[in-house]
Amino acid sequence: MVTPLGAVVRGLIAGTVGTVAMDTLLYAEYRRGGGKSGVRRWEFSEDIKTWDDAPAPAQVGRRLFEGMFRHELPNSRAALVNNLTHWAFGILNGAAYGVVVGSVPKARIWYGVPFAATVWGSGYVVLPAAGLYSPIWDYSIKVLAKDLTAHLVYGLTTATAYKVLGSRDD
C-alpha cells in the first residue's frame with residue numbers, strides 16, 4: 001500500500017500528465033476549429049491581453065490573489081494568472097485523486113471516470129455560484145459534451161499515470 005506522501009506525490013505527477021493530455025486534446029480541437037495560433041502561444045494564453053478577455057481560470061486566480069493580498073492585478077497579468085490557475089487546478093486535483101485512490105487496496109484506471117465527472121461537475125456548481133459561468137442548463141449539449149470529453153481525457157490519463165507510477169505497489 002502506498003504511503004500518504006507517496007499518494008500525494010504520485011497524484012501530483014499524474015495530475016500533471018492528465019493536464020498535458022487535456023490540453024493536447026483542447027489544442028487539437030482549437031486547430032480543427034480554425035485556430036491559427038501555435039501551441040506555445042495557445043498554451044501560454046498569449047492572446048489574453050485584459051481581464052475582460054480572460055476565461056474562468058484567470059478570473060478565479062485573480063479573485064484568489066486579490067482577495068488574499070488586497071492588491072489589484074494589472075491587465076498584463078491576465079494571461080499568466082490564467083495559465084497558473086489552470087495548471088495548478090489540474091495538478092492539485094491530481095493530488096486529491098492520489099489521496100483518495102491511495103486509500104483503496106488497488107488503483108484502477110476506471111476510477112478516472114468518476115474523478116473526471118466530479119471535476120467537470122464541480123465547475124458547473126462553483127463557477128456559476130462565483131458569477132463566472134451561467135448555470136449548467138444554459139449550455140448546449142454540444143458544449144457540455146465537449147467539456148466533459150476533455151475532462152474524461154484528463155481523468156482517465158491521470159488515473160492511468162497514477163497506476164503506472166505505482167505499478168510495483170498495486
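How many nonpolar, polar and charged residues divide up the lining of the largest pocket? Hold that thought while you get set up. You have a predicted model open, where local features need pLDDT of at least 70, side-chain atom pairs count only at pLDDT 80 or more, and totals for chains, interfaces and linings use all residues. Residues are numbered from 1 along each chain as its sequence is written, and side-chain values use heavy atoms, with hydrogens and water left out.

**Stop 1: the largest pocket**

Select Ala-56, Pro-57, Asn-82, His-86 and Tyr-133: of the 47 lining residues, these sit closest to the centre of the largest pocket. Its volume is about 1500 Å³. A pocket here is an open set of points on a 1 Å grid over the protein atoms alone, where a 1.4 Å probe fits, with protein on both sides within 12 Å along at least five of seven lines; lining residues have an atom within 4 Å of a point. Points are joined across faces, edges and corners, and the volume is the space filled by probe spheres set on them.

Back to the opening question: the lining has 29 nonpolar, 12 polar and six charged residues. Ala, Val, Leu, Ile, Met, Phe, Trp, Tyr, Cys and Pro count as nonpolar, Asp, Glu, Lys and Arg as charged, and the others, Gly among them, as polar. Now colour α1 (4-32), α2 (39-43), α3 (56-69), α4, α5 (112-129) and α6, each of which supplies at least two lining residues. Helices are DSSP runs (H or I, at least four residues), numbered from the N terminus.

**Stop 2: α3 against α4**

Keep α4 (residues 78-101) on screen and add α3. The two pack at about 95°, axes 7 Å apart, so they are roughly perpendicular to each other. Axes are lines fitted to C-alpha atoms, for helices over the stretch in contact, with angles from 0 to 180 degrees between N-to-C directions; 65 to 115 counts as roughly perpendicular, under 35 as roughly parallel, over 145 as roughly antiparallel and the rest as oblique.

Show Pro-57, Ala-58, Val-60, Gly-61 and Arg-62 of α3 with Ala-78, Val-81, Asn-82, Thr-85 and His-86 of α4, which make the contact (heavy atoms within 4.5 Å).

**Stop 3: α1 against α4**

Swap α3 for α1. Here the angle is about 135° and the axes are 6 Å apart, so this pair is oblique. Among the contact residues are Gly-11 and Gly-15 of α1, plus Gly-90, Gly-94 and Gly-98 of α4. By class, this contact has nine nonpolar, eight polar and one charged.

**Stop 4: α6 against α4**

Next, bring in α6 (residues 141-165), whose axis comes within 11 Å of that of α4 and crosses it at roughly 55°. That makes α4 and α6 oblique, too. On the α6 side, pick Tyr-154, Thr-158, Ala-159 and Tyr-162; they meet α4 residues including Phe-89, Asn-93 and Tyr-97. No charged residue takes part, just six nonpolar and five polar.

**Stop 5: the second largest pocket**

Finish with Ala-96, Tyr-97, Val-100, Val-101, Val-104, Tyr-111, Pro-114, Phe-115 and Thr-118, the lining of the second largest pocket. About 160 Å³ of space lies there. Which element gives the largest share of this lining? Look to α4, with four residues. The class split is eight nonpolar, one polar and no charged.
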